[in-house]
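Trainee: I have a new model open and would like to learn how to read it feature by feature. Could you walk me through it?

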Amino acid sequence: MGSHLIDVAVGSDVGKHYSANFDVTYLRERPLLAVLADGMGDGAGSAAAGRNAVDIFVDCVVRAPEVGPEVLRAAVAAAQDRVIRIGHELRILAGCTLTAIVAAPQGFWLVQIGDSRVYRLRGGLLELLTTDHTMAWLGAVHGWYPFDSAEAGAARYQLTRYVGHGGAPEPDVLSVTMRPGDRYLMCTDGVSDQIGYNELRTFLGRDTKPQSVVGELLAACHRAGGSDNASVIVIRVD
């Protein structure tokens with residue numbers, strides 16, 4: 001992992017639409033283990049899915065003698081098994097997204113299943129490192145309908161992969177090399193749906209501590225309408 005100093009912060013806001021927060025976050029600074037999940041819906045299945053998925057994923061990673069793609073896929077598979085069982089036991093929808101950045105001896109791994117996101121600001125360019133596992137993403141890529149159409153809006157809620165899916169789909173696992181000056185933003189769709197690209201780039205580009213950026217992002221979500229739970233993890237590499 002080299003000699004990089006990493007400064008991190010996490011925050012979450014319930015917003016104005018829901019009476020409870022169905023996002024779940026976990027953050028360990030050294031060695032870095034950052035995880036967030038966004039429950040599907042606003043019921044008991046959503047709450048149980050997010051909490052169990054994060055707890056199981058973290059436990060599998062922490063107990064592993066060395067972290068690599070096989071360990072990370074196995075951790076998601078264990079979370080899948082538990083959340084699918086919860087859905088069967090409660091006889092309700094139980095599902096969530098799961099996104100993580102994990103430090104390993106050879107660098108960092110990014111894990112993605114669902115539609116939460118990881119952005120990276122490097123050299124002034126803000127890039128989206130993850131893919132949304134939704135029909136809306138497929139439609140946008142293949143030109144099935146205009147991005148701002150009603151069809152695209154409806155497809156935004158049709159996830160093709162998530163924790164709790166009956167087919168137990170695998171996550172994307174990507175190798176990430178962090179460089180001094182990088183800024184990373186992990187967020188649920190309550191952030192990315194309410195704050196545009198240019199605003200995200202502005203917030204991440206400020207020479208302030210990650211905790212300040214977290215507070216500014218959550219306040220911006222609230223001003224934008226607070227239509228969903230909003231959770232963020234900001235990572236600064238010095």
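Trainee: Which strands does H6 lie across, and at about what angle does H6 run to E7?

Mentor: Glad to help; keep in mind throughout that this is a predicted model. H6 lies across E6, E7, E9 and E10, and its direction makes about 115° with that of E7.

Trainee: In what order do the strands of that sheet come, and which pairing do they have?

Mentor: The order is E1-E10-E9-E6-E7, an open sheet of 5 strands with antiparallel pairing. Strand E1 (6-13) and E7 are the edge strands; each has a single partner, so one side of each is left without a neighbour in the sheet. From one strand to the next, the twist averages 15°. Helix H7 also lies across this sheet, over E1, E9 and E10, running at about 25° to E1.

Trainee: Back to H6, then. Which of its residues are buried, and where do they sit around the axis?

Mentor: Within H6 (residues 197-205), the buried residues include Leu-200, Phe-203 and Leu-204. These three cover an arc of only 95° around the axis, which puts them on the same side of H6. The buried residues of H6 pack against E6, strand E7 (125-128), E9 and E10, and also against helix H5 (189-192) and helix H7 (210-223).

Trainee: How should I read the faces of a strand, with E9 as the case?

Mentor: Start from the general idea: side chains in a regular strand alternate between the two faces of the sheet. In E9, Arg-183, Leu-185 and Cys-187 are on one side, Tyr-184 and Met-186 are on the other, and all are buried, so both faces are covered. That fits the count for strand E9 (residues 183-187), where 5 of its 5 residues are buried.

Trainee: Which strands pair with E9, and over how many bridges?

Mentor: Strand E6 (residues 117-122) pairs with E9 in the antiparallel sense over 5 bridges. Here Arg-120 stands opposite Tyr-184. Strand E10 (residues 230-237) is also antiparallel to E9, joined to it by 5 bridges. The bridge partner of Arg-183 in E10 is Arg-236.

Trainee: Now the other sheet. What is its strand order, and which strands stand at its edges?

Mentor: The order is E2-E3-E4-E5-E8, again an open sheet of 5 strands with antiparallel pairing. Strand E2 (23-28) and strand E8 (172-176) stand at the edges with a single partner strand each, so one side of each has no neighbour in the sheet. The average twist is 10° from one strand to the next. Inside the sheet, strand E3 (residues 33-38) and strand E4 (residues 98-104) are antiparallel over 4 bridges, with Val-35 opposite Ala-100.

Trainee: Which helices pack on this sheet?

Mentor: Helix H1 (residues 44-63) lies across E2, E3, E4 and strand E5 (107-113), at about 160° to E3. Helix H2 (residues 69-90) touches E4, E5 and E8, and its direction makes about 30° with that of E5.

Trainee: How do I read a nonpolar core here?

Mentor: In soluble globular proteins, nonpolar side chains tend to be buried together. The largest nonpolar core in this model has 30 residues, and those with the most contacts inside it are Val-35, Phe-57, Leu-72, Val-102 and Val-163. At least two residues each come from E3, H1, H2, E4 and E5, while H1 gives the largest share, 8 residues. Leaving aside neighbours within four places in sequence, Leu-72 has contacts including Phe-57, Val-102, Trp-109 and Val-173. Another core, of 20 residues, lies apart from this one and has Leu-121, Leu-200, Leu-218 and Val-232 among its members.

Trainee: Last topic: how many disulfides are there?

Mentor: A disulfide is a covalent bond between the sulfur atoms of two cysteines. With a cut-off of 2.5 Å between sulfurs, the count here is 0. For Cys-60, the nearest cysteine sulfur is that of Cys-96, 14 Å away. For Cys-187, the nearest is that of Cys-221, at 8.1 Å.

Trainee: Is Cys-187 buried or exposed?

Mentor: Cys-187 is buried, at 0% relative accessibility. Cys-60 is buried too, with a relative accessible area of 19%, just as the cut-off of under 20% requires.

Notes. Residues numbered from 1 in each chain as written. Predicted model: local features only at pLDDT ≥ 70, side-chain atom pairs only at ≥ 80, totals over all residues. Heavy atoms only, no water. Pairing = 2+ DSSP bridges. Axes fitted to C-alpha atoms, helices over the stretch in contact; angles between N-to-C directions. Contact = heavy atoms within 4.5 Å. Core = buried A, V, L, I, M, F, W, Y, C linked by side-chain atoms within 4.5 Å. Buried < 20%, exposed > 50% of the residue type's maximum accessible area, 1.4 Å probe, protein only. Arc of directions from axis to C-beta.
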